[in-house]
Amino acid sequence: MPNTELPSGTEPRVMSRRTFLKRTGQFALGLAGLAALGGSYVTAVEPRWLQVVHTRLALARIPPAFQGTRIAHFSDVHYEFHFGPGRLKSLVNRIMKEKPDLICFTGDLVDRKIGTSGEEMTSILAKLDAPLGKFAVLGNHDYYFNDKEVAGVLHNAGFRVLRNETVRIEKDGAFMAMAGVEDSNRGRPNINTTLQGVGMDEFILLLAHTPDYAMNTMVHPISLQLSGHSHGGQVRLPFHGPLVRVPGAKRYPDGLYRPPNNDIFQLYTNRGVGVTGIPVRFWCRPELTIHTIV
């Protein structure tokens, strides 16, 4: 048995009421301080702590002329919901610092509506520039009030907004197909219409806001699908992943996926740069992705 007796000549120390209250108060203040620090981190630090993720993608059917192409992929700005002109300017500057050949935006420019911010967003986004162009699709939040207005802002900023359509990008006499579908939650995506007239042996890069739409697209000859929507869950736990998986991003919430038994299709889900619902992030930093095709 352990010795529970006090050593000889030692008296038990009795804490006074004043000392007890003082130490209890210090303990309570410490807990409050930790809570406040954690609250500040998840609301003011991590949501603004942009992570630039670099990938190297070996893709099927890529024409040699496009090998080495750098694609800047961003998503889910949710403008005016804890994301204003200062952060958008900073994002644009960071993208341009990466010197991309191609810029892709996968939806949710706004959180609810444009309001009076249309010209402001247009002037900032217009500073993005890439030799092979700028392309975008709409996300579910872009449809809430006026999807045509959101598409107009992107168009006026120099983006080609793809709404169930495909265009071709030319480089050194070679071509790639750039496709984009409507959002699967609020729009009417149609992959068959989108790929009409596209050859089975062409290199196809698809923009789709919701990553789980890949269940419809991976049966087509698409080499790469870029998506967003999930925010990576916004709150993640180590060894667990996202606490919440939203409809449209339950299967593929974050990162690169290569479905089994498919040698062609790859999917990348970007965590987005903004937040929605609750303005917090934990273990799930906002993301700008730079994909290099090898």
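Biologist: Where is histidine 82 found?
Modeller: This is a predicted model, and in it I would place histidine 82 by its flanking elements. On one side is strand β2, on the other helix α2. Histidine 82 therefore belongs to the loop between β2 and α2.

Biologist: Is histidine 82 buried or exposed, or something in between?
Modeller: Its backbone catches the eye as well, with phi near 60°, a positive value in a residue other than glycine. For the side of your question, buried needs under 20% relative accessible area and exposed needs over 50%. Histidine 82 has 47% relative accessibility, so the class is partly exposed.

Biologist: What is the relative accessibility of histidine 78?
Modeller: Histidine 78 is also placed in the loop between β2 (70-74) and α2. Its phi is near 55°, again positive in a residue other than glycine. Histidine 78 counts as buried, because its relative accessibility is 0%.

Biologist: Happy to move on to the rings! Why is the pair of tyrosine 41 and phenylalanine 282 called edge-to-face?
Modeller: A pair of aromatic rings is described by the distance of the centres and the angle of the planes. Here the centres are 6.4 Å apart, and the cut-off for pairing is 6.5 Å. Planes over 60 degrees apart count as edge-to-face, so the pair earns that name with its angle of 80°.

Biologist: How many residues apart are tyrosine 41 and phenylalanine 282?
Modeller: Tyrosine 41 sits in helix α1 (residues 17-45), while phenylalanine 282 is in the loop between β13 (266-269) and β14 (287-293). Both are partly exposed, tyrosine 41 at 26% relative accessibility and phenylalanine 282 at 30%. The pair links distant parts of the chain, with a separation of 241 residues.

Biologist: Which residues form one aromatic cluster with Tyr41?
Modeller: The whole structure holds four aromatic pairs, one of them being tyrosine 41 with phenylalanine 282. The cluster takes in a tryptophan as well. The partners of Tyr41 are Phe282 and Trp283.

Biologist: Which residue lies 5.2 Å from valine 42 in space, C-alpha to C-alpha?
Modeller: Valine 42 is in helix α1. Leaving aside neighbours within four places in sequence, its contacts are Pro47, Pro279, Val280, Arg281 and Phe282. The residue at that distance is 239 residues away in sequence: arginine 281.

Biologist: Which residue lies over the face of tryptophan 49?
Modeller: There are two charge-over-ring cases to tell apart here. Lysine 113 lies over the face of phenylalanine 145, at 5.3 Å from the ring centre. For tryptophan 49, the distance to the ring centre is 3.8 Å, and the residue is arginine 285.

Biologist: How are helices α2 and α3 oriented, roughly parallel or roughly antiparallel?
Modeller: Two packed helices are described by the angle between their axes and the distance between the axes. The axes of α2 (residues 85-97) and α3 (residues 118-125) come within 9 Å and cross at roughly 20°. Angles under 35 degrees count as parallel in this rough sense, so α2 and α3 are roughly parallel.

Biologist: What is the hand of the crossing of α3 and α4?
Modeller: The axes of α3 and α4 (residues 147-156) come within 8 Å and cross at roughly 35°. In α3, Gly118, Met121, Thr122 and Leu125 meet Val153, Leu154 and Asn156 in α4. The crossing is right-handed.

Note on methods
Residues numbered from 1 in each chain as written. Predicted model: local features only at pLDDT ≥ 70, side-chain atom pairs only at ≥ 80, totals over all residues. Heavy atoms only, no water. Phe/Tyr/Trp six-rings, centres within 6.5 Å; stacked < 30°, edge-to-face > 60°. Helix = DSSP H or I, 4+ residues; strand = E, 2+ residues; numbered from the N terminus. Buried < 20%, exposed > 50% of the residue type's maximum accessible area, 1.4 Å probe, protein only. Lys NZ or Arg CZ within 6 Å of the ring centre and 35° of its normal. Axes fitted to C-alpha atoms, helices over the stretch in contact; angles between N-to-C directions. Parallel < 35°, antiparallel > 145°, perpendicular 65-115°, else oblique. Left-handed = near helix turned anticlockwise from the far one by under 90°. Contact = heavy atoms within 4.5 Å.
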